[in-house]
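Subject: Structure for you to look at

Hello,

I am handing over the structure we discussed. Please have a look, and then read the notes below it.

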Amino acid sequence: MALNLEGAPLSYQEASAKDPVVNAILGGMNPRHILSSGLAAMPVNANGMPFDMSHIYASGNVAADMLANVTAEATGRVLATRLYNMTEDKGMKDFLSFLIARDTMHQQQWLAVIEEMGGLNASLPIPNSFPQEHEAQEHSYYCLNTSLDKPLPEGRWSSGPAYDGHGQFSAKQQPEILGDEPLLGNARPGSGAQSEQIDGITSPKP
């Protein structure tokens with residue numbers, strides 16, 4: 001953004017800097033960019049996080065990967081539209097308009113793959129190759145309220161038929177304890193724990 005404004009009339013730069021986001025960037029919001037690279041291009045995103053490929057999802061399940069792709073394109077399009085609304089530069093708007101259009105195509109493309117597989121209903125639950133009778137189905141379709149002082153709000157996601165047509169949504173207002181109290185072993189000597197933890201004494205020594 002700072003480079004896009006380079007060479008622009010001072011009055012335009014000052015007017016742009018009234019926006020707090022633009023002002024922060026013009027003021028050197030990421031000093032690491034100067035200290036580490038002298039403003040040279042770095043393989044990092046706008047927040048300084050390295051591109052280490054950890055954002056690429058490849059699960060080996062086509063339906064899961066296509067849904068991940070749709071989500072990635074959707075959030076990318078959100079970012080591009082925000083940038084579009086932040087700039088008045090025609091060239092930048094044209095560039096972002098192209099990216100927004102491609103994100104539209106990519107969302108539709110990945111959804112079309114799911115449609116070729118029989119649609120979202122046919123793909124759920126993912127993986128649909130796992131026999132659903134082998135899961136603890138009593139826990140498959142209820143929404144759990146973990147708030148002790150607020151009731152669970154009513155919604156399509158908490159009552160009525162589940163989206164996959166295999167169950168009925170319900171709600172549980174209080175968490176249910178599904179096991180015994182765990183009995184943890186004592187800490188090992190030399191581990192740096194407190195004496196009470198090593199000896200198994202629950203009350204502190206006098």
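In the protein, residues 24 or more positions apart account for 42% of the contacts with a separation of 6 or more. Please keep in mind that this is a predicted model. Of the 206 residues, 15% count as buried. The protein has seven helices and three strands, and along the sequence they follow the pattern α-α-α-α-α-α-β-β-β-α.

Helices H4 and H5

Helix H4 covers residues 62-86 and helix H5 covers residues 90-116; their axes are 9 Å apart and make an angle of about 160 degrees. The two helices are therefore roughly antiparallel to each other, since the cut-off for that description is an angle over 145 degrees. H4 passes H5 in a left-handed crossing. The residues of this contact divide into 14 nonpolar, seven polar and four charged.

Two residues can serve as markers here. Tyr84 is in helix H4. Leaving aside neighbours within four places in sequence, Tyr84 is in contact with Lys93, Leu96, Ser97 and Ile100. For one of these, Ile100, the C-alpha atom is separated from that of Tyr84 by 9.1 Å, with their positions 16 residues apart along the chain. Tyr84 has a relative accessibility of 30% and so counts as partly exposed.

The other marker is Phe98, found in helix H5. Its relative accessibility is 52%, so Phe98 counts as exposed; the cut-off is over 50%. The C-alpha atoms of Phe98 and Ala80 are separated by 9.8 Å, and the two residues are 18 apart along the chain.

The loop between H6 and S1

Which peptide bonds are cis here? One joins Leu124 and Pro125, with omega at about -10 degrees. Another runs from Ile126 to Pro127, with omega near 0 degrees. Pro125 is placed in the loop between helix H6 (120-123) and S1, and Pro127 lies in the loop between H6 and S1 as well.

The loop between S1 and S2

Strand S1 spans 142-144 and strand S2 spans 160-161, and Asn145 sits in the loop between them. Is Asn145 buried or exposed? At 6% relative accessibility, Asn145 counts as buried, because the cut-off for buried is under 20%. The Asn145 side chain reaches the backbone oxygen of Lys150 at 2.8 Å. Not counting residues up to four places away in sequence, Asn145 touches Lys150, Pro151, Leu152, Lys172, Gln173, Gln174 and Pro175.

Ser158 also lies in the loop between S1 and S2. With a relative accessible area of 6%, Ser158 is buried. Apart from neighbours within four places in sequence, its contacts are with Cys143, Leu152, Pro153, Phe169, Ser170 and Ala171. Leu152 therefore appears in the contact lists of Asn145 and of Ser158.

When you open the model, I suggest starting with the H4 and H5 pair, then the two cis peptide bonds, and then the S1 to S2 loop.

Regards

Terms used: Residues numbered from 1 in each chain as written. Predicted model: local features only at pLDDT ≥ 70, side-chain atom pairs only at ≥ 80, totals over all residues. Heavy atoms only, no water. Helix = DSSP H or I, 4+ residues; strand = E, 2+ residues; numbered from the N terminus. Buried < 20%, exposed > 50% of the residue type's maximum accessible area, 1.4 Å probe, protein only. Polar contact = N/O pair within 3.5 Å; in protein donor to acceptor, adjacent residues only side chain to side chain. Contact = heavy atoms within 4.5 Å. Axes fitted to C-alpha atoms, helices over the stretch in contact; angles between N-to-C directions. Parallel < 35°, antiparallel > 145°, perpendicular 65-115°, else oblique. Left-handed = near helix turned anticlockwise from the far one by under 90°. Nonpolar A, V, L, I, M, F, W, Y, C, P; charged D, E, K, R; others polar.
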